[in-house]
Structures are given as C-alpha cells and as structure tokens.
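Reader: I should be grateful for a close account of one helix and its surroundings, followed by the nonpolar and aromatic packing elsewhere in the chain.

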Amino acid sequence: MRYHLTNGHLNQEPTILLVGCGGTGGFVAEQLCRLFTGRAARIILQDHDRVEPHNLLRQNFHPEDVGEFKSKALATRLSCEFQRPVAYSVYPFRNEREVLYEGRGGTMYTDWSRERNGDLMIGCVDNAAARAAMAQAVKPWSWYVDAGNGETWGQVLVGNSDGARYRLEKSFHEKEGMCTALPLPTLQQPGLLEVQPDTQPDIDCAAALDLTDQDPTINNMMAALVVQVVRRLVAGTCPWMALYLALETGTVTPVYATPENVSKITGLPVKNLVVPAPAPPPPPKPLAEVFAQETRE
C-alpha cells in the first residue's frame, strides 16, 4: 500500500525555516520563493556564515554579496525579486528566543521552543551540532527535511519523531493512506550526528576545494530534490521518507514511507505502527436467498 505524509498546517499559511544558506541552501531559498509565489507563507533563512569570494564559484551569491551574512544577502535579494517578506537570522540555530530580521527592513522575534506554527524545518547544514539542535526543535505536527551531500552523491531525509514508541505507534492510517510520523533524519542516518574533524583551509585552498571537492551541479540537484519533497508535502502527496542521489549512475533511489521501512529502523513491530482500515460490510444476500428465507419463516 502507498502512504503519503500528512500535510497538516502546510496547506494553510505555513512557516518554513531554512537553516543553512550555502551550497544547497542558497538554491533552496530561491526555489522556495518561486514555489510559494502568490501564496501566503512565512519564509525564514538562517545562517551565521558570511559570503567569501570563493563561495561565488558554486553558491547562489553575487560579487556584491561578499562580506555580507549569507542569510541576509539572500533574504534582501529574494524579498525584492519576489516582492514578499523574507525573514533571516544571522545566528547559529538555537531552540530558544532570538531576533529575526526582515529582508526588506524591520525586526521580529521568535521562540523555537514555543513556536506552534513552525510547520516545516529544512536543514542544509554540514555539521552535527546544528542537526542535533534542529532534531530537538522539530514538533510532532511538523516535518524536518534534512539534505546532505558529498562529491557526487547526496540524500534528502524526512522525519518528525525521536523514535519514542508513543509517537510512532499507529502512525500509518490504512483508510486514508496517510502517514503522520516518521523517524527523524538523525535516526535514519545516525552518522549525521558524528562530529567531523574541523580543518579550516586558507582562502586559496578553500577556493581550490570549491572547484574540485564537489561536482559543480550537485548543489542544484540536491536543491531540486529538496523542493520537490516540499512541494509534495504541501500537496499531501509525498510518499517518501528518503531520496538518495547518485550522479555517477544518474539515479535517484527512493525509500517509501511504509510500516515495514520504519520497523527496520526502530524495531517496532509493523502491526503496532498501523491503524487498520475498518472491515468492509458484508455483501447483501442475493434476492433469491432472501425470498427463500422469508418463505421458510
């Protein structure tokens, strides 16, 4: 049976938080604005890094953005280009009260530990600390989409549950064909929380890495997959818990949201994950049988 992820608040006026505005995130930010053209949605970009000259080689920035915070540069440009408010934060993600700025001027505040309409969180980061903070902040009624990639490969993972039995049990509804909970990306791929060695190359080295360490199209491809997941989540037609991209073979391999796949990750029995559809009523008796019964009576 094919299940689709519930769209919850996403079919109203969703709040979408994008954490990480570098290689993949910068392209996701622009495509989100295109996706929600003419539709009310609160888009927030968050990144504490600044644009450096070597970022222009394969990230969504212009020469005039150099030296500016990545989130601010994108929010300012996109809010003007698409004529809509785009908020941004220049701080690392924290599950607490913080200042947000509007791309077209002005400030506002939010508290992610209490935010009830944080309907979709998208992570395009490359460090374990940020992923851990986002995994703790995601709410049961929302979704967390995590994107990560290497030189010629990448994955997009979707989830909202920390694996607790009470959150995952009865999350697949056969009658509606709907899934309300999936293990968090950090449970699907625990390696996402492994701290990587922190080696900071000098500027020349960093520029060389931007030219050689990744395929020049990987970030655009990853951004397209992320926004495809978002589009389907909003429409209530997303059937995936993961998508795996391999540029070397030119393939995208889906992992569907099914009780069996969730059971493999969590160890919960399939029967505990499913709300069975009610049994259909018995078919009516043939008229000849009804008449024969009435005659006997």
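Author: The account below begins with helix α2 and then turns to the cores and the rings. The model is a predicted one, in which local features need pLDDT of at least 70 and side-chain atom pairs count only at pLDDT 80 or more, while totals for chains, interfaces and linings use all residues. Residues are numbered from 1 along each chain as its sequence is written, and side-chain values use heavy atoms, with hydrogens and water left out.

Helices (H or I, at least four residues) and strands (E, at least two) are DSSP runs, numbered from the N terminus. Helix α2 comprises 12 residues, 70-81; at 1.5 Å a residue it should span 16 Å, and because its end C-alpha atoms are 16 Å apart, the two values agree. The expected span is 1.5 Å times one less than the number of residues. Gln 83, which follows α2, has a positive phi, near 50°.

Among the buried residues of α2 are Ala 73, Leu 74, Arg 77 and Leu 78, where buried means under 20% relative accessible area, exposed over 50%, and partly exposed in between (1.4 Å probe, protein chains only). The buried residues of this helix pack against α1 (25-35), β3 (42-46) and β4 (87-89).

Arg 77 belongs to helix α2 and counts as buried because its relative accessibility is 17%. Residues up to four places away in sequence aside, Arg 77 touches Glu 30, Asn 60, Phe 61, His 62 and Asp 65; contact means heavy atoms within 4.5 Å. A polar atom of the Arg 77 side chain lies 2.8 Å from the backbone oxygen of Asn 60.

The largest nonpolar core has 59 residues, of which Leu 45 and Ile 122 touch the most other members. Helix α7 (residues 218-235) gives this core its largest share, 10 residues. Such a core is a set of buried Ala, Val, Leu, Ile, Met, Phe, Trp, Tyr and Cys residues joined through side-chain atoms within 4.5 Å.

The structure holds one aromatic pair. The ring centres of Tyr 3 and Phe 172 are 5.0 Å apart and their planes lie at 75°, so the pair is edge-to-face. Rings of Phe, Tyr and Trp (its six-membered ring) pair if their centres lie within 6.5 Å; planes under 30 degrees apart count as stacked, over 60 as edge-to-face and the rest as tilted. Tyr 3 lies in the segment before β1 (4-5) and Phe 172 in strand β10 (residues 172-173), so the pair ties together parts 169 residues apart in sequence.

Technical notes. Polar contact = N/O pair within 3.5 Å; in protein donor to acceptor, adjacent residues only side chain to side chain.
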